[in-house]
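Let's take a friendly walk through a protein model. Have a look at the sequence and the 3D view first, then read on.

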Amino acid sequence: MDPVGQDINLNSPNKGLGPAGGVDSLTGVSVEGGAMGVAAVNTLPPGLTEEEAEELYSELTKVEEEINTLRQVLLAKEKHSADLKRKLGLSPLNELKQNLTKGWQDVQTSNAYVRTTEKLGEWNEKVTGSELYLTASATLDDIAQSEAYKKTSETLSVAGQKTTAALSTMGTALSRKLGDMSSNYSIRQSISMPTMRNSPTFKSFEDKVGNIKLG
């Protein structure tokens, strides 16, 4: 029988104790007609009669069967739930995201979170409304509006502008110097070539090269 559709009423007359004879799953002792065969037990706990032992073992058997029935029903429900999630396209990752989102919403609506938020708001109001905070804010405003602060800001601004101008002038002068050096080198090179060609050494070298060609 499908555990989903079976009768799970724990007091149902249809849920018997199994066959007339069998073995108890917990104790391994034979069960006769739903009652424990006390005769199979060697000794009984002190103060416990055979009739009481039979009742206890009978109740134990019923509880074990109820546990097994509930376990089967739970497994069937879990399988049914997995099938529904699969049809709805709910992957484990999506389910985790939904659980996290729901958990955060539960936290935000919890009494502890609300009380903490309210407490932080109260502290913020107390701090911003305190005499020390107002005095510090007023002091900062006074400093920003003071003549000394304005003069210091102006001095720093002028110094920064002068530094920028000096660096720009230095860069221009350096570029000009490099240009002049390059021009002087080109002029010296153009002047030295004719002079070298008219030198006795260069002419002697040309004559030797000419003799080699003629030979």
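## A question to start

Which residue just after α1 takes a positive phi? The residue is G89, and its phi is about 75°. Keep in mind as you read that this is a predicted model.

## The overall layout

Let's zoom out. The protein has six helices and three strands. Start at the N terminus and you meet the elements in the order β-β-β-α-α-α-α-α-α.

How much of the protein is buried? Of its 215 residues, buried ones make up 9%. The protein exposes about 17500 Å², and 60% of that comes from carbon and sulfur atoms. As for contacts, take those between residues at least 6 apart in sequence: 40% of them join residues at least 24 apart.

## Helix α1

Helix α1 covers residues 50-87, which makes 38 residues. From its first C-alpha to its last it reaches 56 Å, close to the 56 Å expected at 1.5 Å a residue. Several of its residues are buried, including A53, S58, T61, V73 and A76. The buried set in α1 also includes the glutamates E64, E65 and E66.

Helix α1 has a salt bridge too: K79 pairs with D83, and their closest N and O atoms are 3.5 Å apart. These two residues are separated by about one helical turn because they sit four residues apart in α1. Here's the background: an α-helix has 3.6 residues a turn, so residues three or four places apart point the same way. Are the two partners buried or exposed? K79 counts as exposed, at 55% relative accessibility, while D83 is partly exposed at 24%.

## Two more salt bridges

How many salt bridges does a search of the whole structure find? It finds three. Side chains of opposite charge can pair when their charged atoms come close.

In helix α2, D106 forms a salt bridge with K102, with the closest N and O atoms 3.3 Å apart. The two residues are four apart, about one turn of the helix, and D106 is partly exposed at 41% relative accessibility. Over in helix α3, E122 forms a salt bridge with K119, and the closest N and O atoms there are 4.0 Å apart. This time the partners are three residues apart, again about one turn of the helix. E122 is partly exposed, with 37% relative accessibility, and K119 is partly exposed as well, at 38%.

## A nonpolar patch and an aromatic pair

Now for the surface. W104, V107, Y113 and V114 form a nonpolar patch there, with about 340 Å² of accessible area together. Which elements give two or more residues to this patch? They are α2 (92-109) and α3 (111-128).

Two members of the patch also meet ring to ring. The count of aromatic pairs comes to one, and that pair is W104 with Y113. Their rings are 5.9 Å apart, centre to centre, with 80° between the planes, so the pair is edge-to-face, since planes over 60 degrees apart fall in that class. Y113 is found in helix α3. Why can both rings belong to a surface patch? A patch residue needs over 30% relative accessible area, and W104 has 47% while Y113 has 32%. Both residues therefore count as partly exposed.

Notes. Residues numbered from 1 in each chain as written. Predicted model: local features only at pLDDT ≥ 70, side-chain atom pairs only at ≥ 80, totals over all residues. Heavy atoms only, no water. Patch = residues over 30% accessible without salt bridge, like charges linked within 9 Å, V, L, I, M, F, W, Y side chains within 5 Å. Areas by Shrake-Rupley, 256 points an atom, 1.4 Å probe, with all protein chains shown as cover. Salt bridge = Lys/Arg side-chain N within 4 Å of Asp/Glu carboxyl O. Buried < 20%, exposed > 50% of the residue type's maximum accessible area, 1.4 Å probe, protein only. Contact = heavy atoms within 4.5 Å. Expected span 1.5 Å × (residues − 1). Phe/Tyr/Trp six-rings, centres within 6.5 Å; stacked < 30°, edge-to-face > 60°.
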